[in-house]
Each structure stands twice: as C-alpha cells, then as structure tokens.
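Got the model open in your viewer? Let's walk through it one selection at a time.

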Amino acid sequence: MSRSSFEIHVTAPFDFQQCLQFLRRSNDEVMHVARETSVSKLFDVDGRLLLGDIMETSQGLVIVFPEDIISKTEQEHVERYVRDWFDLDQDVAAFARMAETDELLHPLVREYEGLRLIGFPDLFEALTWAVIGQQITLSFAYTLKRRFVEQYGPSREVDGVTYWAFPNPETIALLDPSELRPLQFSTRKAEYIIGIAQEMTDGRLSKQQLRSEPPDMMHERLLSLRGVGEWTAAYVRMKCFQDPTAFPAADAGLHQALKHHLGRSDKLTADEVRLYGERFSGWEAYATFYLWRSLYGDV
C-alpha cells in the first residue's frame with residue numbers, strides 16, 4: 001500500500017508555530033525551508049529523496065508528499081524522523097509542571113509553551129553540526145554547514161526550489177582533509193568530521209549501537225571520538241538522542257542566557273552553572289533549550 005500523505009497524532013502541549021519560529025532563526029539554514037505555516041524537508045530514505053511538506057492539523061501534524069507516492073516502509077521511516085526531529089514522544093507536560101515552580105523557567109515556559117526540543121535525528125548530521133559549531137559564531141557555523149551540504153549532499157529541485165539532504169558518511173569518509181579547506185574548515189575540524197564518517201562507514205559507530213548503551217556509557221563512547229569533548233557529547237545526547245537529562249554546562253549560549261535572566265553583569269562560574277543543572281534535574285536539556293530560545297528574541 002502506498003500513499004501521498006499521512007498524519008501524526010501529537011500529545012499536548014505542542015505549538016507548531018513556536019517550532020516554526022525556531023526553525024526560521026537563520027537565513028542560511030540549508031536542511032529545510034520553514035515558511036509561515038509549514039516546513040518542507042527532503043528525506044533521504046535509502047537513497048530515495050522524498051520531499052515532504054509538514055503542516056499542522058487539529059490533532060498534530062500532517063506530512064504531504066506533493067511529488068511522490070510513498071510506501072508503508074518509507075512512511076514509517078519519515079514518521080520516525082519527524083517524531084525525533086520535533087521530540088514528539090517526550091512528556092513535556094512533566095517539564096512544564098517542573099518549570100511552573102522555578103522562578104527562572106516559569107516565564108520562559110509561559111512564553112514558549114508547546115515548543116519542543118528540535119533536534120537532529122541523523123547521528124552523522126548531529127556530530128558534524130556540533131563539531132562545525134565549536135569555537136565559532138553561530139552565523140559562521142550556518143555558513144560552513146551550507147557550504148558542506150551544497151558541496152557533498154544530495155539534492156532535489158521542485159518548483160524552482162532546491163532542497164538538500166545531509167551528506168552521507170560514506171561520501172565524506174573518502175575525503176582528504178585538504179578538500180574541506182576551500183570551504184573554510186580548519187584542518188582539525190576536517191579531520192574530526194572525516195574521522196567520524198570513517199567510524200560510521202566501518203560499522204564502529206551507529207545510532208543504534210549508542211542507543212543500546214546507558215547514558216553514562218553512551219557519553220563515554222562519544223568522548224572517545226576524536227574532536228568530541230564534554231560539550232559536544234552532551235549536545236549530541238540532547239539533540240540526537242532526546243535525552244532530557246543531557247546538560248551542556250560549558251555552552252556559551254547557556255551562560256549568556258543565564259546571565260541575562262539573572263541580571264548578572266559578571267560571568268557565572270562553572271560551579272554556579274552546574275548548580276542550575278541540579279536545579280533542573282531530569283529536564284536539564286529542555287531548560288537549556290528554552291534558555292537558548294530566549295536569546296533569539298522574535299525570530
């Protein structure tokens with residue numbers, strides 16, 4: 001059986017408009033096209049490139065494939081991706097209840113109620129994006145990602161718009177670091193990304209393998225990858241594995257948001273930030289994400 005659309009039921013609280021606002025935060029985003037009421041995404045399902053338009057319904061979301069008829073297997077793949085992308089299986093009502101009693105989080109949850117922790121379901125994309133973003137501005141990170149995707153990723157043009165899927169690790173594993181230098185990647189970052197791609201291509205690293213590990217073992221395995229430190233490991237657990245307890249305590253944006261909302265003129269110490277992590281216990285990732293969101297203003 002095949003079909004050109006399907007629906008996903010979503011448990012409240014869920015605000016698709018809040019999610020779309022977050023997805024529109026950069027004009028250099030290359031992995032989706034977020035419009036006023038929908039987001040278009042190119043899904044790579046075993047090499048078949050499917051363009052899906054995601055829109056809101058009274059019960060959740062509908063994904064429409066304007067150019068394709070999809071199989072049941074392809075539908076299952078896309079649904080799993082969208083559920084992970086928007087963290088639709090998370091009990092965020094429990095986060096909201098915790099935040100209601102926290103003077104720092106309470107106004108953020110009221111302002112951004114229904115926003116889900118939008119992530120990167122693909123492990124290679126999550127790790128690559130995290131490595132790209134190390135020690136550079138967010139705007140330059142988006143520029144590097146766009147160059148990387150447009151150089152090595154598969155694409156499909158529909159109605160004059162080119163949509164992109166993320167490069168697969170098999171393609172990147174064959175590169176020499178010097179080939180990423182013209183895109184303005186540092187030699188180190190190029191080595192890290194290619195090394196990760198090689199581990200995945202060789203079967204030594206996969207999302208399925210990591211998911212089977214308890215959080216502390218997953219964290220240690222991520223740290224064993226060249227180019228992955230504490231921040232990157234926590235970020236990937238948070239954004240790829242939907243781990244609500246992941247806490248990138250050294251994140252500059254987290255520090256900036258805490259400083260702003262606390263009305264501090266001085267820098268927070270590492271110990272102070274760790275104490276906030278303990279205060280948000282069980283929901284560290286969501287607290288971090290909502291604090292990040294507050295930095296973007298009216299995106």
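Start by selecting Arg 146, which at 22% relative accessibility counts as partly exposed; buried means under 20% relative accessible area, exposed over 50%, and partly exposed in between, with a 1.4 Å probe and protein chains only. Before going further, note that this is a predicted model, where local features need pLDDT of at least 70 and side-chain atom pairs count only at pLDDT 80 or more, while totals for chains, interfaces and linings use all residues. Residues are numbered from 1 along each chain as its sequence is written, and side-chain values use heavy atoms, leaving out hydrogens and water.

Now add Asp 28, the salt-bridge partner of Arg 146, with the closest N and O atoms 3.6 Å apart. (A salt bridge here is a side-chain nitrogen of Lys or Arg within 4 Å of a carboxyl oxygen of Asp or Glu.) Asp 28 sits in the loop between H1 and S3 and Arg 146 in helix H6, so the pair ties together parts that are 118 residues apart in sequence. Helices (H or I, at least four residues) and strands (E, at least two) are DSSP runs, numbered from the N terminus. Asp 28 is partly exposed as well, at 28% relative accessibility.

The structure holds 21 salt bridges, and a couple more deserve a click. Pick Asp 102 and Arg 279: their closest N and O atoms are 2.6 Å apart in a salt bridge. Asp 102 is in the loop between helix H3 (92-100) and helix H4 (106-111), and Arg 279 is in helix H13 (residues 270-279), so this pair links parts that are 177 residues apart in sequence. Is Asp 102 buried or exposed? Asp 102 counts as buried, at 7% relative accessibility, while Arg 279 is partly exposed at 35%.

Move on to Glu 191 and Arg 226, a salt bridge whose closest N and O atoms are 3.0 Å apart. Glu 191 belongs to helix H8 and Arg 226 to the loop between H10 and helix H11 (230-240), so the parts they tie together are 35 residues apart in sequence. Both ends are partly exposed: Glu 191 at 26% and Arg 226 at 49%. Then select Glu 79, Arg 80, Arg 83, Asp 84, Asp 89 and Lys 207 together, which are joined into one network by salt bridges that share partners.

Next stop: helix H1. Six of the eight residues of H1 (residues 16-23) are buried, so the helix is largely enclosed by the rest of the structure; the buried ones are Phe 16, Gln 18, Cys 19, Leu 20, Phe 22 and Leu 23. At the start of H1, look for a side-chain oxygen of Asp 15 within 3.0 Å of the backbone nitrogen of Gln 17. Then go to His 32, in the loop between H1 and strand S3 (33-34). His 32 is buried, with a relative accessible area of 10%, and a polar atom of its side chain lies 3.0 Å from the backbone oxygen of Leu 23.

While you're in this part of the sequence, select Ala 12 and Pro 13, which are joined by a cis peptide bond with omega about 0°. Pro 13 is in the loop between strand S2 (5-9) and H1.

Last, try Gln 135, which has a positive phi of about 60° although it is not a glycine. Gln 135 lies in the loop between helix H5 (123-132) and helix H6 (138-152) and is exposed, at 87% relative accessible area.

Technical notes: A polar contact is a pair of N or O atoms within 3.5 Å; within protein, one must be able to donate a hydrogen and the other to accept it, and residues adjacent in sequence count only if both atoms are side-chain atoms.
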